[in-house]
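Hello,

I am handing a structure over to you today, with some notes on what I found in it. Please have a look at it first and then read on below.

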Amino acid sequence: MSDFEDLQKLLRLKRYEQPPEGYYERFAESFKERQRGEMLRQSSRSLLVERVSTWMWSSGTKRWLYVGGATTALLAAGYYFASGGTDVAPDASTQQPLPREAR
Amino acid sequence: MSAEPPVTALAPAAASGAAQDDAALVERARQGDTTAFDELVVKYTPRLYGLIYHMTSNREDTHDLLQEVFAKAYRSLKRFQGRSAFYTWIYSIAVNMTLNHLRKRGRHRKLSLDDLDLAIENDEEFIEATSKSDPVREANLHELQQRLNAAMQRLSENHRTVVTMHDIQGLPHGEIARILGISEGTVRSRLFYAHQQLQNFLEEFRR
């Protein structure tokens with residue numbers, strides 16, 4: 001028998017490398033659970049989006065004014081705190097000491 | 001170890017019938033019938049397990065990749081046009097995901113021989129099929145098989161892929177070409193080169 005035939009025979013024997021008994025059934029079950037879990041998460045997320053959009057569309061102009069007002073207030077507060085933060089001096093205790101030659 | 005017979009590629013006639021069955025299952029799954037996709041998972045798990053396992057030589061990686069392959073296939077089912085058989089399509093997903101995984105693994109760490117899963121040396125069915133009550137032959141064969149597994153890991157990912165699909169799983173050249181998106185000539189030349197490499201590696205063992 002040639003070297004090539006030997007090699008092909010050896011490679012064919014690798015087909016016998018199988019997972020433990022019952023693995024395929026367990027795999028199918030665990031995949032099913034994972035898939036159903038993902039679907040459940042997706043449907044609860046889409047339910048939330050649907051409810052929020054229903055509330056938004058079904059509500060009158062008054063509610064829209066509340067939402068607009070709250071958004072403006074949040075943006076103003078954000079701007080106030082962001083611009084105030086740049087003036088704060090760095091804490092001296094966290095600064096590195098100057099090297100001896102630079103003193 | 002399982003006593004089930006090894007899973008290999010389908011014969012052409014059976015493959016054509018299987019493709020029609022798959023098309024019906026895919027259509028049902030696309031319309032939201034999750035049990036139809038469950039059937040496809042049950043049907044293709046053994047074949048895809050073999051493909052991924054022989055490419056990675058690691059059972060944990062195989063399990064994780066297999067989960068990801070089916071999850072991706074399910075998510076992409078709406079985009080599956082049916083221009084190729086489901087079998088070809090899901091094989092392509094599995095090959096691409098496994099190659100990506102191997103490239104990432106190669107970047108992070110070099111695989112040592114200890115990482116290789118050489119479970120076959122304890123496989124009773126394998127021993128029975130090959131030893132014929134000859135302990136010396138059995139020992140030699142096991143050592144040769146271990147060498148072969150190690151030699152497989154020394155091949156490049158592209159060469160290991162065609163050896164796995166053709167020599168181990170029994171897929172014809174044309175099918176491999178369709179799955180990998182390359183010409184049949186490229187499949188043949190990769191196989192030729194891979195066989196030469198493997199023979200050289202095994203020759204080192206014989207000396």
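This is a predicted model, and a good place to start is its largest nonpolar core. That core has 63 residues, of which Phe37(B), Leu48(B), Phe70(B), Phe86(B) and Leu198(B) touch the most other members. Two domains of chain B share in this core: domain 1 (8-110) and domain 2 (120-207) each supply at least three residues. If you would like one residue to zoom in on, try Phe86(B). Leaving aside residues up to four places away in sequence, Phe86(B) touches Asp22(B), Val26(B), Leu40(B), Tyr44(B), Leu77(B) and Phe80(B).

Next, have a look at where the chains meet. Chain B brings 48 residues to the contact and chain A brings 29 residues. Together they bury about 3,700 Å², with 61% of it on carbon and sulfur atoms. Two salt bridges are found across this interface. The side chains of Arg36(A) and Asp38(B) form a salt bridge, at 2.7 Å from N to O. Nine residue pairs, both residues at pLDDT 80 or more, are in polar contact across the interface.

Finally, a word on confidence. Chain B has a mean pLDDT of 82, and 74% of its residues reach 70 or more. In residues 1-5 of chain B the pLDDT is below 50, and this stretch has 16 contacts in the model beyond near neighbours in sequence. For chain A the mean pLDDT is 74, with 66% of its residues at 70 or more. Residues 86-98 of chain A have pLDDT below 50, and that stretch has three contacts beyond near neighbours in sequence.

Happy exploring, and best wishes

Methods. Residues numbered from 1 in each chain as written. Chains lettered and ligands numbered in written order. Heavy atoms only, no water. Core = buried A, V, L, I, M, F, W, Y, C linked by side-chain atoms within 4.5 Å. Buried < 20%, exposed > 50% of the residue type's maximum accessible area, 1.4 Å probe, protein only. Domains from an automatic or database assignment. Contact = heavy atoms within 4.5 Å. pLDDT = per-residue confidence, 0-100. Buried area = accessible area lost by both parts, 1.4 Å probe. Salt bridge = Lys/Arg side-chain N within 4 Å of Asp/Glu carboxyl O. Polar contact = N/O pair within 3.5 Å; in protein donor to acceptor, adjacent residues only side chain to side chain.
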